[in-house]
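Here are my notes on the model you sent over. Have it open while you go through the points.

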Amino acid sequence: MVAEVKELEAHHWVKTRSSLDSSESTFLTWKGKIYSFIPGEKRKLLFKMLGVSVSRCISTEKGSWDFTSRELTYYLNPETEEILPKWKNPWTGETVPVLHVANNPVQGHFKDKFPAQVEGDSTTFVFDIFPTYPNPLAENPKFAEYSPYETYQAAELFKLTVPTADLFNTELNSVSQLKLSWDRIGQWLPWMKMGDRTGNLIYSAVGSKVGGLAELPQLLQDEINHRVPLYKQAPKAFADGEDMTSWLYFQKHFDAYLAGEIFPLPAAEEL
């Protein structure tokens, strides 16, 4: 069967990415690998990764929702799959602290139509995103060894496949199953201290929706329960201001990075 591209309503996408019930926190988890990609060099498997997004959608008007979430991604030893507190840079020989992803908040607005590839029992949403904006670290010379380029640029390629019937089942607030494919081409992360070295990172991951915190991989459960309980639930309301990114997090916690603290930094539960 050949997939047919259809324009679906925003609430179909809300059911996919999060939930129509604003009282619910929805968990999406992923795992994968991160490689180096340098012209003229063989690729290196630098890290395995394990992550989670906990999200909420809040209806603002008919056919429109505020999306708010928090994200964690851990960089793991590629052999043991243990969380890396420090990393030895194979190009510079320097050992640096690892800043795991702790982005809070990550937000957006859902409205209008969302194109999807409908193929019988399965429907796939495809999003190819190419964020490009001024690098917030570029103006400060103290970050020259970490992130000197003027422009942040990346490619984020998402495919989310769900049961077609779930989208049109009015008794469901959220789809019962979701398969995620995520690929990313990105610049060296600031904490890697790669300076202006040529090359990129290639991310390759798969994931799924889970029924709650207790269904996440044990590593994520342990971290959320004991170190970053803020991530037990999504933000309760949409927040003004910009989204948190790895670059802004590095800027905000640069002194802690220099001090060799363990990341992500502890984050108390929201009451």
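Is lysine 232 buried, partly exposed or exposed? It counts as partly exposed, because its relative accessibility is 29% and the partly exposed class covers what lies between under 20% (buried) and over 50% (exposed). Keep in mind throughout that this is a predicted model.

1. Start with the partner of that lysine. Lysine 232 and glutamate 269 meet through their side chains in a salt bridge, at 3.7 Å from N to O. The two sit 37 residues apart, so to speak from distant parts of the chain: lysine 232 belongs to the loop between helix H3 (218-226) and helix H4 (246-252), and glutamate 269 to the segment after helix H5 (254-258). Glutamate 269 is partly exposed as well, at a relative accessible area of 39%.

2. That segment after H5 has another feature to look at. Proline 264 is found there, and the peptide bond leading into it from phenylalanine 263 is cis, with omega near -5°.

3. On salt bridges in general, a search of the whole structure turns up seven. Side chains of opposite charge can pair when their charged atoms come close. One of the pairs is arginine 184 with glutamate 156, whose closest N and O atoms are 2.6 Å apart. Arginine 184 is in strand S13 (residues 179-186) and glutamate 156 in strand S12 (residues 155-163), so the pair links distant parts of the chain, 28 residues apart. Both residues are buried.

4. Next, have a look at glutamate 81, which comes up twice. It forms a salt bridge with lysine 48, with 2.9 Å between the closest N and O atoms. Here too distant parts of the chain are linked: glutamate 81 is in the loop between strand S4 (64-76) and strand S5 (86-88), lysine 48 is in strand S3 (residues 45-61), and 33 residues separate them. Glutamate 81 also has a positive phi, near 60°, and it is a residue other than glycine. With 42% relative accessibility, glutamate 81 counts as partly exposed.

5. Lysine 193 is another non-glycine residue with a positive phi, about 55°. You'll find it in the loop between S13 and strand S14 (200-210). Is lysine 193 buried or exposed? It counts as buried, because its relative accessibility is 17% and the cut-off for buried is under 20%.

6. Now the largest pocket. It holds about 1,200 Å³ of space. Of the 39 residues lining it, those closest to the centre are Glu71, Val106, Ile129, Glu156 and Phe158. Glu156 is the buried partner of arginine 184 from point 3. By type, the lining divides into 26 nonpolar, seven polar and six charged residues.

7. Which strand gives the largest share of that lining? Strand S7 (residues 101-111) does, with six residues. Proline 105 lies in S7 too, and a cis peptide bond joins it to asparagine 104, with omega about 5°.

8. Finally, helix H1 (residues 10-17). It is mostly covered, with seven of its eight residues buried. Charged and nonpolar side chains both appear among the buried ones, including Lys15, Arg17, Trp13 and Val14.

Technical notes
Residues are numbered from 1 along each chain as its sequence is written. This is a predicted model: local features need pLDDT of at least 70, side-chain atom pairs count only at pLDDT 80 or more; totals for chains, interfaces and linings use all residues. Side-chain values use heavy atoms; hydrogens and water are left out. Buried means under 20% relative accessible area, exposed over 50%, partly exposed in between (1.4 Å probe, protein chains only). Helices (H or I, at least four residues) and strands (E, at least two) are DSSP runs, numbered from the N terminus. A salt bridge is a side-chain nitrogen of Lys or Arg within 4 Å of a carboxyl oxygen of Asp or Glu. On a 1 Å grid over the protein atoms alone, a cavity is a set of points where a 1.4 Å probe fits but cannot get out, and a pocket is an open set with protein on both sides within 12 Å along at least five of seven lines; lining residues have an atom within 4 Å of a point. Grid points are joined across faces, edges and corners, and a volume is the space filled by probe spheres set on the points.
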